[in-house]
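Subject: Structure handover

Hello,

Here is the structure you are taking over. My notes on what was found in it follow below.

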Amino acid sequence: MLKVGLTGGIGSGKSTVAGRLAEHGAWLIDSDKIAREVVEPGTDGLAELAAAFGLGILNDDGTLNRAALAGIAFASDESRALLNSIVHPRIGARTAELLAAAPADAVVVHDIPLLVEGGLAANYHLVVIVDAPVETRVHRLVHSRGLAEADARARIAAQATEDARRAVADVWLDNGGAPDQVLAAVDELWADRLVRFEANVRLHRHTPRGGPRLVDPDPTWPAQAQRALARLRLATGARVDHIGSTSVPGLAAKDVLDFQVTVADLDDAEKLVEPLGKAGFPYLPGFDQDTPYPLGGDPAGWRKRTHVGADPLRWANVHIRAEGSPGWRYALLMPAWLRADDAARDEYEQVKRGLAGGFDEIRAYGNAKEPWFADALPRAEAWAAETGWTP
C-alpha cells in the first residue's frame, strides 16, 4: 500500500487532481467529506456540538449551521480547542476505518486541507501539493464559490504559506493554467511514479539504478533530504543523519540521498526491517558490511545494515550502524570535513569524476575510491582534533 498526502490552498483546484487520481483507481479518502459526515443529523458528533455550543448552531431542519458554529467556536482559543476535541477524534477514527478497508495494493490518496498546517507530511510516502497563483485562486473563489473578494483573500492568507508547502512537497502541481495541463501532469505522476512506487513498497524492492553517474550539485538536495529525514525518524524513533556526497554543498554526486540511522547495537537493526519497509525503505540483503576497511582493525566495527528507497524517482540509501563504531564515526566525519574544507572537497570531486565513467556497477565504483579515503582519513581526523568536532 502506498499512502499519498494530497493538499493545496483554497481555490488551487485540489479536487480536480483528487478526482483524476480516483479515475485512475486511487483509494480516495476525502477529509472534507468525512468532516461533514461526522456531524450529519443523527450523529453523536452533531449532538455533542449542540450540547457544547447551543442549539443556535442548528438550522431549522436539524442540520449544522456552519457559519453559526464558526462564529462561536472561533471566538476564542478555548472554544476552538473544544470544537477540535469533539470533531477531530471522530474524523481520525473514520479515516482509520477507510484506510484499514483499502486493498493491500492500493494507492491511497488522502485529500487533507490542513496537511501542512498540521505537520502531517511525514505520515505519507509522498506529498503532492496543488498550487495556483493567488490571483487565479481569488478569481475562482469569487466566481465559482460566490465568496466576496475580501473573504477570499483573507482565507488564502490564513492558510500555510507557499514556502511552507514547498518544504514538504515531493510533487508540486501547478494548476494555474488550462485544466488539461494539470490533468496530463496527474496522468504522468500516476503512471511513472505512484503505480511503480506502490509495487516497490508492497514487494519490498527498489528500482534498478544502473551504473554510477555523477551530476552537478542540486540545490534542492537539502530540502529533499529533510523530507526523507522526517519519514525515517518517524519510522525508527532514532537519530538519523543526512550523510554522503549529497550532504556536502557544492559537491558533484550521484543523485542518491544517503542517510545513517544510529542504533545502540546492530542487532537492533532487525527490529527496524518492518517499520522501514512500511515507510518505503525496504531492506537490501547482501550489503551488511563495508569493505575494505579504511581504518583497518576488526571488520565488525564496519558492519552495517542497508535499506533502500522504494520511490522510483527519488533514490535513497539508508545505512544502519551502531553508535560509536568506526563505520558510524567515519560516515559522519568525512562529509563534515568536506563541508568545512573546500580544497578537500574539490580534490575528492576530481577523484570522483575520474572514476565514475569507468564502472558499470556502483559497488565497484565505491571500492575504487577507497585508496583516496584511506589517505584522506588521517587529514579528516586531524581536522576533527583541531576543531573539536565530535559525532
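Asp342 is partly exposed, at 45% relative accessibility. Please keep in mind that this is a predicted model. The partner of Asp342 in a salt bridge is Arg345, with 3.6 Å between the closest N and O atoms. Both residues belong to helix H13 (residues 342-356), and because they are three residues apart there, about one helical turn separates them. Arg345 is buried, its relative accessible area being 18%, which is under the 20% cut-off for that class.

Elsewhere, Arg20, Glu23 and Asp187 are joined into one network by salt bridges that share partners. Over the whole structure, the search finds 28 salt bridges.

Another of these pairs is Lys14 with Asp111, where the closest N and O atoms are 2.5 Å apart. Lys14 sits in helix H1 (residues 14-24) and Asp111 in strand E3 (residues 107-111), so this salt bridge ties together parts that are 97 residues apart in sequence. Lys14 is buried, with 10% relative accessible area, and Asp111 is also buried, at 3%.

A further salt bridge links the side chains of Asp44 and Arg90, at 3.3 Å from N to O. Here helix H3 (residues 44-53) supplies Asp44 and helix H5 (residues 77-101) supplies Arg90, so the parts tied together are 46 residues apart in sequence. Asp44 counts as exposed, at 52% relative accessibility, while Arg90 is partly exposed, at 23%.

Now the sheet. Five strands form an open sheet in the order E2-E3-E1-E4-E5, and the pairing is parallel. Which strands stand at the edges? They are E2 (27-30) and E5 (171-174); each has a single partner strand, so one side of each has no neighbour in the sheet. On average, neighbouring strands are turned by 20 degrees against each other, with direction ignored.

Within the sheet, strand E1 (residues 2-8) pairs with strand E4 (residues 126-131) in the parallel sense, over five bridges. Gly5 has Val127 of E4 as its bridge partner.

Helix H1 packs on this sheet and touches E1, E2, E3, E4 and E5. The direction of H1 makes about 155 degrees with that of E1. H1 is also the helix that holds Lys14, the partner of Asp111 in strand E3.

Regards

Terms used:
Residues numbered from 1 in each chain as written. Predicted model: local features only at pLDDT ≥ 70, side-chain atom pairs only at ≥ 80, totals over all residues. Heavy atoms only, no water. Salt bridge = Lys/Arg side-chain N within 4 Å of Asp/Glu carboxyl O. Helix = DSSP H or I, 4+ residues; strand = E, 2+ residues; numbered from the N terminus. Buried < 20%, exposed > 50% of the residue type's maximum accessible area, 1.4 Å probe, protein only. Pairing = 2+ DSSP bridges. Axes fitted to C-alpha atoms, helices over the stretch in contact; angles between N-to-C directions. Contact = heavy atoms within 4.5 Å.
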